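Trainee: Please show me how to read the features of a model that I have not seen before.
Mentor: Look at the model first, and then ask about one feature at a time.

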Amino acid sequence: MSLLSDLINLNLSDTTEKVIAEYIWIGGSGMDLRSKARTLPGPVSDPSKLPKWNYDGSSTGQAPGEDSEVIIYPQAIFRDPFRRGNNILVICDTYTPAGEPIPTNKRHDAAKVFSHPDVVAEETWYGIEQEYTLLQKDIQWPLGWPVGGFPGPQGPYYCGVGADKAFGRDIVDAHYKACLYAGINISGINGEVMPGQWEFQVGPSVGISAGDEVWAARYILERIIEIAGVVVSFDPKPIQGDWNGAGAHTNYSTKSMRNDGGYEVIKTAIEKLGKRHKEHIAAYGEGNERRLTGRHETADINTFLWGVANRGASVRVGRDTEKAGKGYFEDRRPASNMDPYVVTSMIADTTILWKP
């Protein structure tokens, strides 16, 4: 008699050329990931070769019941670390039957920015530091924290080692390896300042692919914690009080910034970001005002400040970049629940296309 695990791990390539494609899209809240699977006649590596599909948008808060069909367009393919073999994960965006992007489809407008000739010429690179908090499922309290109580104060947990400092490392390592298997350009992980909070980094990724890879990594994380029986919070301030919030610091450079003389280009770009501070803050994640207080390694939400090696700034430039006279900068304002399509395209639009 086969065990359930035996059947889950069946190698389909032993008996059929057919593969399973898991279509993934973003639901009505802008943070809820949805997915469903379909059988394909054989392996596919080009998203343009995949069929469009549809779903009931009235059940995701994206369409009325009397006209509920939403069409999903395949946009990016990753290897499926759960089914393995030739099976794939497919990142999709969402449209009406008439072909118009629905309001929650942020990828469509981002793709317009990244396809602009001036942006293409600059080869925008992104490195996104995605922080998140693991929670005990039934009580919605951070993993490793005593029920109804608090651990010792912050200090020993950042990049900490040991059963009293690192909570959920098995989940974090499983996610790291699954992302590498999938083909996501995940570049590292670390424990964060607040216990139960972790971070993974995606990048360097070019243009629209940064958003695709972050959403794919978020999906894989959600699937892993589903197996583990815990939940994840992307809330920018999951615990009030003297505890660090959760952000999605976005590292950015253009070709001009990476070339000799790039430091002047960086300073000009940061100046432009400062002039559009309010617009960026409005698009950088819900509840960010609870995180950007001027404490816990943040700048106040109403103040734009940049500096070299300053983790209390809105935008930080590294010492290596200052010394080399070229490189990249880090926008520290985005919240952990930001939409990477919105943030990456807005930074490119402001620094490359916008004329003050």
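The dialogue below takes up a helix, salt bridges, a cavity and a surface patch.

Trainee: What should I know before I start?
Mentor: This is a predicted model, in which local features need pLDDT of at least 70 and side-chain atom pairs count only at pLDDT 80 or more, while totals for chains, interfaces and linings use all residues. Residues are numbered from 1 along each chain as its sequence is written, and side-chain values use heavy atoms, with hydrogens and water left out.

Trainee: What span should helix 5 have, and is helix 5 enclosed or not?
Mentor: Helices (H or I, at least four residues) and strands (E, at least two) are DSSP runs, numbered from the N terminus. The expected span of a helix is 1.5 Å times one less than its number of residues. Helix 5 covers residues 209-228, and its 20 residues should span 28 Å; the end C-alpha atoms are 28 Å apart, which agrees. Buried means under 20% relative accessible area, exposed over 50%, and partly exposed in between (1.4 Å probe, protein chains only). In helix 5, 14 of the 20 residues are buried, so the helix is largely enclosed by the rest of the structure. Just after helix 5, Gly 229 has a positive phi of about 80°.

Trainee: How many salt bridges does the structure hold?
Mentor: A salt bridge is a side-chain nitrogen of Lys or Arg within 4 Å of a carboxyl oxygen of Asp or Glu. The structure holds 19. One of them joins the side chains of Asp 212 and Arg 107 (3.0 Å, N to O). Asp 212 is in helix 5 and Arg 107 in helix 2 (residues 107-115), so the pair ties together parts 105 residues apart in sequence. Both Asp 212 and Arg 107 are buried.

Trainee: Which residues lie nearest the centre of the largest cavity?
Mentor: On a 1 Å grid over the protein atoms alone, a cavity is a set of points where a 1.4 Å probe fits but cannot get out; lining residues have an atom within 4 Å of a point. Grid points are joined across faces, edges and corners, and a volume is the space filled by probe spheres set on the points. The largest cavity holds about 100 Å³ of space. Of its 14 lining residues, Trp 25, Ile 26, Cys 92, Asp 93 and Tyr 341 lie nearest the centre. Strand 5 gives the most to this lining, with four residues.

Trainee: Is Leu 12 buried or partly exposed?
Mentor: Leu 12 is partly exposed, at 30% relative accessible area. Leu 12 lies in the loop between helix 1 (4-8) and strand 1 (19-26).

Conventions:
On a 1 Å grid over the protein atoms alone, a cavity is a set of points where a 1.4 Å probe fits but cannot get out, and a pocket is an open set with protein on both sides within 12 Å along at least five of seven lines; lining residues have an atom within 4 Å of a point.
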